[in-house]
Every structure is written in structure tokens, then in C-alpha cells.
Amino acid sequence: MVHIHNLSFGYGKRAPLFENLQLTLARGHIYGLLGKNGAGKSTLLKNMVGLVFPRAGSCRINGQPAAKRLPSVLEDLYFLPEEIYVPALTAAQFVANTAGFYPRFSHAQLATYLAEFEVPDHAVLDKMSFGQQKKFMIAFGLATNTSLVVMDEPTNGLDIPSKVQFRRIMASALTEERCLIISTHQVRDLDSLIDTVVVLHNREIVLNAELDQLAERLSFTTVREGQEAEVLYAEESVRGRAAILPNTTGAYGRVDLELLFNAVASGEQSVLNYLKHPVYEQSI
Amino acid sequence: MSNQFNLARFGRLFRKHTAEHGRGYLLSVAVLLGLLAVLMGTQAYVQNDPMIPPIQMGYLIFFLLLGGAMFTSTVFASLADKKQAIAALTLPASHLEKYLVGWLYSYVLFTLACIGCFYVVDAAVVSFDNWHGRPAELLNFFDAKYKAYYALLVYAFMHAIAIWGAVYFEKMQLVKTAFLFFIGVAALFVVNFQLVQLLLDHVTGNMVVPFGDIDLGIGKEHYRLALPTEKRQWLGVLPALLVGLFWLAGYFRVQEKQI
């Protein structure tokens, strides 16, 4: 669906933000794009949707260059930026004037999402609170039924119940034909939602792995003093010393996204090195 | 469906633009009507002489050019604001369609609205004015005597520069475009004058207008260098070329817009 090949990008004459970046995103997945503030998540997403143009390399959506912003590509793509714009129209007026641009738009789905988010469709959009505006645009974006949905920090501005609703709605919107990409620096917002994690750190994609594979390879637990030998990464938490260990038993566990992200973003290479090498090498 | 232009998609985009900006545009029309009424009405009231067609034409040209430049500079304001620009650029329509909606509103529809407002006010002012027994004379837009229709060509030139500036600059589009325009015109005059002086060995001290005639004084003799009459019409091609060039530059700027 999205193919980024040898992408180099920088703003103006400044030092490049990305160099020779490679990334392929496929249909049927919900990707979580994680990175610290300023890591370049938004810039990477803008490259993906054609809002900025690469200095070198390419970014293609279904084989077409994203930078050309062709209508045939855009009608199958929905981008929700972190800071959204809403016109001075009611939700219903906005839908009446915008839904037609998306051939697979579903009014029934929109009504369901809006009801779940508790957003009225007769209210004027620019008079709504930021959280309500964001929920409306998320609902609209998912109702477009585009194959590619890209959301930049969609949970910013949402209260805790709305974040729960967001996760539920997003999970229900995934089909085999869709590719959903969500960027965030609030890792917990993606818990039990994404199936693949992509971590952007130091201008590189340092991790791109399915959670199932990570769960097979890694074990997330708390450790006691004396257990340090096997630990790939550990940090203090309220529950004790949270740690990532090699999953030697093969038992399937839950991936602690926050701990994994901290491990990767801390600069410690042990977890990444372990993931790069097949299991049998570790056991030799 | 074409990736360059599709009439149904263009219509959809036009309707969306109208729904989102129509109220603001109607307000602008009301302001235009008010300004025309106040200025023309005041002049007709305080001046003893009637408002003859050349004066009426002055108002029309003034409002068309100034109002048009101001309106055009705002028609692509959505591309200057980051949040609006993202929504505009990711909307499934071609760059050509997005540009054409702005072009249509700022050139065709603004011209119609401005001329319409002008005639509403003008007709009222002319009918109430004191013509001292003479028949009241309303400016005939198509009359070859006054050639008021040339205002459309002058506005096309002004519009082409303003629309390019509206897309190119992100803040204070009107001020920056006007500044650049006047700097450009001044530079053209200076370079043209210096070139003519150099080519003609400083035999003319008169002002030399770019693409205009040149008056020479050699001894006591005076000469005028000008294009033959049958070739003068070609000079009209130049502004048309410039208009096309700036309109095209504006379109390509939309295509190259990054956030």
C-alpha cells in the first residue's frame, strides 16, 4: 500500500531529517508510529500523504507518487493532522459538501461513529470544543472508507472516555482492505489497538515489527534483584523493576508498548540487537 | 475519472468552496455596495457639476482594480494557513480544479459582482443627480467612446499578478505583491532607460517608457522612433502574454505547495 524507498527529506537548506529511509506498510494492519517529540513522525506522515516532497528517493501509495497528490490517490486516502481545520458549517452541512469526494463514503457508518462519540450532527463545527471537533473528524475519516487512513496524534485533546471509544471504533474500522496508521508520543493510547509497531528514532526507523512476533520473541515482566543476567532492558516502575527479557519459554504474553518504546528510544541497543538475530543464534 | 479535470468533481469543489466562504463573500459585496454608495453619493451631493460618464468610469476602474486586488489576495488564504492548507491539499480534487475555483471567484465572479454593484449604485446616483436640464447619462460599459470595457483587460493584468502573489506569499499577500510589483516596474523603467541611453548614445534625455515610442533630439531636429502603425497591435500581445504567464505561475505554485 505505502512504499517508502530511500527517502531523504529535510526542510529547506537545513540538515536532512531522514536519509535513505525504507518502509513498507501493507493493507489489513493498524500501524502505530511511535517516536519522541521532534523525532519526525509528523514529517514522515506528511511525506506519506504528499504534503511535503522528498529530496531524494520516493514515497508511493499504490504505486503512485504521493507528492503528485492525484485525485485518484487522494480519494482513497484520508489524513487527519494533529491540528485540524473545521469550517463554520454544521456537521451535516460539512458532510453534504465533502462526502461526495469519497466514492465509498458511508453515511450509516458516520451516524454510528458519531453516536458512539456522542457528537451531534446539527452543531456548528467551529463552535464545538477541540475534542468534539477531533472526534467528528475521526468519525468522518473512518466513514470515508478509504484504503489508507493516516492519523497524526489523533488522541491529543481527547478525554479518557473518548480515548477508550477511539480505540474501540478504530479496531472496528479495520478490514483486510484497509491500512490504518496512527502516530503518537502517548504510547499507552495505542494499547490493545495496533498490530504493528514502527518506532522512529534518531532519523531512522529502528523498529518495524508485528506485536505477535514481538510477543513470541520477548517477555515483558517485573524482575527481582539477582535476575539481571537475562535482562535486555529494565527500568523502575510503580510495580517494581519492569524488564524486557528474551522469551525462552515460547509462552505468549502481552507486549508492554511503553516499556518497549522506552527501551528503543533510550539508545540501548540490546533489545534491537536481540530482535535482529534469529533465536537459534542466541541459543548457540 | 481524469486526474486533471473532471466537471462533476469541479462542481462539487465549487459548491464546497461556496458553502464555506459564501457568507464572507456576501458580506464583501455588501461592503462594496456601501462604499460605492457613500463615495459616489457624497460626490454627487457636494459637487455642483453632474457625475458625467468619465467620472463614473473612474469609480468603476478604481473599485474593480483595488477591490479586485484585495479580494484576489485573500482567495487562496486557505493555502497560507497550515491547518486549512492541509485540508485543502488533501481534498480529492486536482490542483487545476482547486486553482480554477479561486480563479473563477476572483476574476469572473468578482468582475460580475463589482460591475453589478457599480451599476446599482451608479444608476441611483445618476438618477438623483442634478443634470441642470441635460439628459442624465449613465456610463455605457460597451460604448466605444469611453471604452470602459478596457477595464476588464487592465483588471486581468492586475488579477494575474495578485493571484500569483496570493499563492506565493504566506502572509500579507497584498502588501508583498504590491511592493514587488512596484519595485519590478521601477526596475524595468531604470533598466530600459539605461539601455536606450546606451544604444542611442545618450541623444535622448526624455523619459523612455518601456515598449513606448522614443523621442530623439539631434541638434535642432526632433525625431520619434515608433513601431509602424500596422505592427502596433503586437504590443497588445505582451500584456496578454504576461497575464497568461502569471496565471500559469500561480497554478504551478499550487501544484508545488508544501506544508
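## Strand pairing in chain A

Two strands count as paired here if DSSP finds at least two bridges between them. In this predicted model, strand S4 (residues 56–61) of chain A and S5(A) pair in the antiparallel sense, over 2 bridges. One of the contributing residues is easy to pick out: Arg60(A) has Pro65(A), in S5(A), as its bridge partner.

Zoom out a little and there is an open sheet of 4 strands in chain A, in the order S2-S1-S4-S5 and with antiparallel pairing. Which strands stand at the edges? They are strand S2 (18–25) and strand S5 (64–65) of chain A; each has a single partner strand, so one side of each has no neighbour in the sheet. Helix H1 (residues 41–49) of chain A packs on this sheet, where it touches strand S1 (2–9) and S4 of chain A. The direction of H1(A) makes about 120° with that of S1(A).

## A buried helix in chain A

Now for helix H8 (residues 257–265) of chain A. Because 7 of its 9 residues are buried, H8(A) is largely enclosed by the rest of the structure. For a residue to count as buried, 20 or more other C-beta atoms must lie within 10 Å of its own.

The buried set is made up of Leu257(A), Leu259(A), Leu260(A), Phe261(A), Ala263(A), Val264(A) and Ala265(A). After H8(A) comes Gly267(A), with a positive phi near 95°.

## Chain B: the overall picture

Chain B has 8 helices and 2 strands. Follow the sequence along and you get the pattern α-α-α-α-α-α-α-β-β-α. Its C-alpha atoms fill a box of roughly 70 × 55 × 35 Å along the principal axes.

Of the 259 residues in chain B, 27% count as buried. If you take the contacts in chain B between residues at least 6 apart in sequence, 71% of them join residues at least 24 apart.

## Annotated segments in chain B

An unreviewed UniProt entry carries the annotation "transmembrane region" for residues 25–46, 58–79, 100–128, 148–167, 179–200 and 234–254 of chain B. What does the model show over residues 25–46 of chain B? That stretch is 100% helix and 0% strand, with its end C-alpha atoms 32 Å apart.

Residues 234–254 of chain B come out at 86% helix and 0% strand, and there the end C-alpha atoms are 31 Å apart.

## Confidence

The model scores ipTM 0.90 and pTM 0.90. Chain B averages a pLDDT of 91, and 98% of its residues score at least 70. Where pLDDT is low, don't read the predicted coordinates in detail.

Terms used
Residues are numbered from 1 along each chain as its sequence is written. Chains are lettered from A and ligands numbered from 1 in the order in which they are written. This is a predicted model: local features need pLDDT of at least 70, side-chain atom pairs count only at pLDDT 80 or more; totals for chains, interfaces and linings use all residues. A residue is buried if 20 or more other C-beta atoms lie within 10 Å of its own, exposed if 12 or fewer, and partly exposed in between; C-beta atoms are placed from the backbone. Two residues are in contact if their C-beta atoms, placed from the backbone, lie within 7 Å. Axes are lines fitted to C-alpha atoms, for helices over the stretch in contact, and angles run from 0 to 180 degrees between N-to-C directions. pLDDT is the predictor's confidence in each residue, from 0 to 100. UniProt positions are given in the numbering used here, feature names are shortened, and annotations may be inferred rather than shown by experiment.
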